[in-house]
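Biologist: Before I rely on the terms used for this protein, I should like to see how each one is justified. Could you take me through them?

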Amino acid sequence: MHDRLPSDFLWGYATASYQIEGSPTEDGRLPSIWDTFAHTAGKIKDGSNGDFACDSWRRWDEDVALLKSSGANVYRFSLSWSRIIPKGGRNDPVNMEAVEHYRRLIAALLKHDIKPMATLYHWDLPQALHDRYGGWLNKEEIIQDFVNYARTCFKRFGDLVKDWVSHNEPWCISVLGYGVGVFAPGHKSNTEHWIVAHNLILAHAYAVKAYREEFLATQGGQIGISLNCQWEMPYDDSPQNIAAAERAFAFKLGRFADPIFKGSYPAVVQKMIGERLPNFTADEIAIVKGSSDFLGLNAYTSQFVMDGGDDEIHGKVEYTFTRPDGTQLGKQAQVPWLQSYAPGFRALLNYLWETYKTPIYVTENGFPVEGENDLPVEEAVLDADLVQYFREYTNALLQAVTEDKVPVKGYIVWSLLDNFEWADGFESRFGVTHVDFKTGTRTTKASYGFLKDRCSGLRHILQPSSR
């Protein structure tokens with residue numbers, strides 16, 4: 001694949017702090033909302049938590065060695081707000097032990113020619129801010145505290161980090177955390193998640209404003225946001241289902257991407273939600289519009305969409321993997337929301353470029369093999385279904401870039417390691433490296449070797465960028 005991609009193309013792996021680090025009280029860290037949520041009985045499918053996870057706070061050098069051996073030239077990881085400013089607020093102290101730790105990690109990556117891509121917020125809000133004023137529900141306070149945290153990270157790491165992501169998947173933060181209540185902090189409401197989503201957009205925009213005004217000239221980096229979306233296909237060619245697929249895009253992706261790249265919420269969202277959808281002031285939308293240098297895409301699957309139902313979170317549509325003829329869309333993963341369908345990945349990349357005209361980084365893509373957690377390690381590492389998934393999806397990516405001329409700038413796989421998969425606990429294994437969650441032992445899988453052969457060497461390409 002690498003001999004047909006541009007010379008500046010990035011490929012590598014992604015992780016997130018709470019999902020891999022463990023060591024919840026080490027080096028000055030205080031609890032996040034996910035510590036609290038995971039330790040609440042009945043919230044995590046297998047009763048687990050992230051106290052140990054992959055033990056990466058102590059084994060980070062092993063992770064860097066895996067990255068180096070893989071041939072990756074980028075590593076997307078998240079910084080822990082609960083470590084860097086343990087109490088979270090703009091008047092709370094910075095924890096230099098955490099700063100020094102992350103600088104050691106970043107320096108090690110750079111030593112091996114691996115670009116660090118740092119995500120500022122991957123869901124682990126300091127519990128202190130949730131207790132103090134309601135966290136993401138309090139617009140006036142949370143924006144100031146998030147921007148202060150972002151500014152701290154730019155100041156402490158920006159000499160080394162040139163690629164930043166503000167938020168990971170604000171749809172999941174808001175809807176799953178404050179709408180249906182299956183993620184931290186576990187709220188159920190038909191109003192709160194719209195408020196949280198609005199505040200996440202504003203916090204992102206003001207953090208980007210701070211970066212561009214205070215740091216860009218000296219640091220020379222870029223900053224964007226990672227949004228999750230699947231390819232939405234009408235179940236059939238009826239006008240109702242074609243409209244339903246368009247509505248599904250608006251409620252999953254457009255409610256975040258449209259304000260950021262176009263300057264307003266989608267009209268269909270405004271009409272359905274009405275007064276419960278907060279408004280941007282003229283000054284705010286001026287800051288929000290254009291506040292992402294790239295579109296980070298977390299994409300895993302595709303779905304058929306039908307008109308119907310009363311679930312306004314999704315725009316009153318229904319989803320299925322079953323075709324009208326009764327066959328399934330693709331291979332079923334461990335998680336119920338994912339079947340493989342690589343043509344949908346190509347179509348989604350084209351749709352994003354045509355709709356938003358912004359360069360794209362695929363910041364997550366992956367597939368947990370069904371039943372893998374039940375296998376002994378010597379069988380689990382023979383993950384043929386994941387190898388096939390990556391074979392098909394990298395081919396689709398290559399077609400989108402070389403044939404369709406979509407400016408995809410990077411492909412980042414979820415994940416380097418099996419890890420704590422939020423409400424699923426440890427049952428879903430997305431990693432190309434098997435992790436024994438009792439000992440932390442890492443064993444590379446067949447998929448690790450496949451991607452090494454498929455994608456490594458990208459940094460040595462001489463072909464100029466296509467755009």
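Modeller: The answers below concern a predicted model, and they take the sheet, the helices, the pockets and the backbone in turn.

Biologist: How do you know that strands S6 and S8 are paired?

Modeller: Two strands count as paired when at least two bridges are found between them. S6 (residues 231-234) and S8 (residues 302-307) share four bridges, so the pairing meets that criterion. The sense is parallel, and Glu232 stands opposite Gln303 in S8.

Biologist: What makes S8 and S9 a pair, and in which sense do they run?

Modeller: Four bridges join S8 to S9 (residues 317-320), and the cut-off is at least two. These strands run antiparallel. Phe304 stands opposite Thr320 in S9, and Val305 is set against Tyr319.

Biologist: Why is the pairing of this sheet called mixed?

Modeller: The open sheet has three strands in the order S6-S8-S9. S6 pairs with S8 in the parallel sense, whereas S8 and S9 run antiparallel; the pairing is accordingly described as mixed.

Biologist: Why are S6 and S9 said to stand at the edges?

Modeller: Each has a single partner strand, so one side of S6 and one side of S9 lack a neighbour in the sheet. From one strand to the next, the twist averages 40 degrees.

Biologist: Which helices lie across S6 and S8?

Modeller: Helix H11 (residues 239-261) lies across S6, S8 and S9, at about 120 degrees to S8. Helix H14 (residues 342-356) lies across S6 and S8, at about 105 degrees to S6.

Biologist: What describes the packing of H9 and H11?

Modeller: Two packed helices are described by the angle between their axes and the distance between the axes. For H9 (residues 192-214) and H11 the angle is about 35 degrees and the axes are 10 Å apart. The crossing is right-handed. On the H9 side, His193, Trp194, Ala197, Ile201 and His204 meet Phe251, Arg255, Phe256, Pro259 and Ile260 of H11. By class, this contact has seven nonpolar, two polar and one charged residues.

Biologist: What makes up the lining of the largest pocket?

Modeller: The largest pocket holds about 950 Å³ of space. Its lining has 38 residues, of which Trp171, Cys172, Leu176, Phe183 and Trp337 are the closest to the centre. A lining residue must have an atom within 4 Å of a pocket point. By class, the lining has 21 nonpolar, 10 polar and seven charged residues. Helix H8 (170-178) gives the most, with four residues.

Biologist: How is the second largest pocket lined?

Modeller: About 210 Å³ of space lies in the second largest pocket, and 14 residues line it, with Arg429, Val435, Asp436, Phe437 and Lys438 the closest to its centre. The classes are seven nonpolar, three polar and four charged.

Biologist: What omega does the cis bond between Ala184 and Pro185 have?

Modeller: Omega is about 5 degrees for that bond, and Pro185 lies in the loop between H8 and H9. Another cis peptide bond joins Trp414 and Ser415, with omega about 15 degrees. Ser415 lies in the loop between strands S11 (408-414) and S12 (433-435).

Biologist: What makes Trp123 worth listing beside them?

Modeller: Most residues other than glycine have a negative phi, and most peptide bonds are trans. Trp123 is not a glycine, yet its phi is positive, at about 90 degrees. Trp123 is found in the loop between strand S3 (115-121) and helix H6 (127-133).

Conventions: Residues are numbered from 1 along each chain as its sequence is written. This is a predicted model: local features need pLDDT of at least 70, side-chain atom pairs count only at pLDDT 80 or more; totals for chains, interfaces and linings use all residues. Side-chain values use heavy atoms; hydrogens and water are left out. Helices (H or I, at least four residues) and strands (E, at least two) are DSSP runs, numbered from the N terminus. On a 1 Å grid over the protein atoms alone, a cavity is a set of points where a 1.4 Å probe fits but cannot get out, and a pocket is an open set with protein on both sides within 12 Å along at least five of seven lines; lining residues have an atom within 4 Å of a point. Grid points are joined across faces, edges and corners, and a volume is the space filled by probe spheres set on the points. Ala, Val, Leu, Ile, Met, Phe, Trp, Tyr, Cys and Pro count as nonpolar, Asp, Glu, Lys and Arg as charged, and the others, Gly among them, as polar. Axes are lines fitted to C-alpha atoms, for helices over the stretch in contact, and angles run from 0 to 180 degrees between N-to-C directions. Contact means heavy atoms within 4.5 Å. A crossing is left-handed if the near helix is turned anticlockwise from the far one by less than a right angle, and right-handed if clockwise.
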